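Dear colleague,

Please find below the structure that I am handing over to you, followed by an account of what was found in it. I would be grateful if you would read the two side by side.

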Amino acid sequence: KNGYVHGTIIFNTFIFCQFFNEYTARSIFDEWNCFKGIATNYVFLLVSGFTLLCQIFLVELGGEFLRTTPLNMYQWLVTIGLGALGLPIGVLMRFIPVSEDPNSFFDNSKMVEATAAAGKAGTYAAVPGDDSSVDTGKVVEMTAQKEGEV
């Protein structure tokens, strides 16, 4: 044997933690059923199937190149089971109350409006008071040079 069993088990467990996290991350906010509508989400199912097949391929055939070794059925079941612990944890996290302040959300509507207006005028503009501007609190305009103007 090549001595990669321990690393392969850790690698496989990590990938399955990510695999099952994809399911709990499908829904946000307080939706606790992470499988709701999954049968109609063909792209998600395709990606999940592809991930699963790639993982089997990497573990079973990776060998010296990936420093993996084939796992027996018990090791596969343990690593998948450890990864699947993310499902109930992800659901339980939905019940933790989180207060959000809408005033702390990023609002780029002023920047979008200024950019659109500047684009029509042929200039570039920063929004006064916008924290993402380089010169906060000032209007900075750079007029595009036109042919014949100095």
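**Arg94 and the largest pocket**

Arg94 counts as buried because its relative accessibility is 18%, and the cut-off for buried is under 20%. Please bear in mind throughout that this is a predicted model. Arg94 sits in the loop that runs between α5 and α6 (109-121). Leaving aside residues up to four places away in sequence, Arg94 touches Thr24, Ala25, Ser27, Ile28, Phe29, Asp30, Glu31 and Trp32.

Arg94 also belongs to the lining of the largest pocket, where Phe29, Gly90, Met93, Arg94 and Val98 are the residues that lie nearest the centre. The volume of this pocket is about 360 Å³, and 16 residues line it. Two elements, α1 and α5 (86-93), give two or more residues to that lining. By character, the lining residues divide into eight nonpolar, five polar and three charged.

**Overall architecture**

The protein has 150 residues, and buried residues make up 24% of them. Its secondary structure comes to six helices and two strands, arranged along the sequence in the pattern α-α-α-α-α-α-β-β. Of the contacts between residues at least 6 apart in sequence, 53% join residues at least 24 apart.

**The nonpolar core**

In soluble globular proteins, nonpolar side chains tend to be buried together. In this model, the largest nonpolar core consists of 11 residues: Phe16, Phe19, Phe20, Tyr23, Cys34, Ile38, Phe44, Val59, Leu71, Trp76 and Leu87. Both α1 (5-24) and α2 (42-61) supply at least two residues of this core, and α1 gives the most, with four residues.

Phe16, one of the core residues, touches Leu52, Gln55, Trp76, Thr79, Ile80 and Gly83 when residues up to four places away in sequence are not counted. Among these partners, Trp76 is itself listed in the core.

Gly83 appears again in connection with Gln18, a residue of helix α1. The C-alpha atoms of Gln18 and Gly83 are 7.5 Å apart in space, although the two residues are 65 apart in sequence. Gln18 has a relative accessibility of 40% and therefore counts as partly exposed.

**The loop between α3 and α4**

Two consecutive residues of this loop deserve separate mention. Arg67 is placed in the loop between α3 and α4, and Thr68 lies there as well, the helices spanning 63-66 and 73-84 respectively.

Are these residues buried or exposed? Arg67 counts as exposed because its relative accessibility is 57%, whereas Thr68 counts as buried because its value is 4%. Arg67 has a positive phi of about 55°, although it is not a glycine.

The side chain of Thr68 reaches the backbone oxygen of Leu58 at 3.0 Å. Thr68 and Asn12 are 56 residues apart along the chain, and their C-alpha atoms are separated by 9.6 Å.

**The loop between α1 and α2**

Lys36 has its place in the loop between α1 and α2. With a relative accessible area of 56%, Lys36 is exposed, since the cut-off for that class is over 50%. Which residues does Lys36 touch, not counting those up to four places away in sequence? They are Arg26 and Glu31. Glu31 is also among the residues that Arg94 touches.

The C-alpha atoms of Lys36 and Tyr23 are separated by 10.0 Å, the two residues being 13 apart along the chain. Tyr23 is one of the residues that make up the largest nonpolar core.

With kind regards

Definitions and conventions. Residues numbered from 1 in each chain as written. Predicted model: local features only at pLDDT ≥ 70, side-chain atom pairs only at ≥ 80, totals over all residues. Heavy atoms only, no water. Buried < 20%, exposed > 50% of the residue type's maximum accessible area, 1.4 Å probe, protein only. Polar contact = N/O pair within 3.5 Å; in protein donor to acceptor, adjacent residues only side chain to side chain. Core = buried A, V, L, I, M, F, W, Y, C linked by side-chain atoms within 4.5 Å. Contact = heavy atoms within 4.5 Å. 1 Å grid on protein atoms, 1.4 Å probe; cavity = no way out; pocket = protein on both sides within 12 Å on 5 of 7 lines; lining within 4 Å. Points joined across faces, edges and corners; volume = space filled by probe spheres on them. Nonpolar A, V, L, I, M, F, W, Y, C, P; charged D, E, K, R; others polar.
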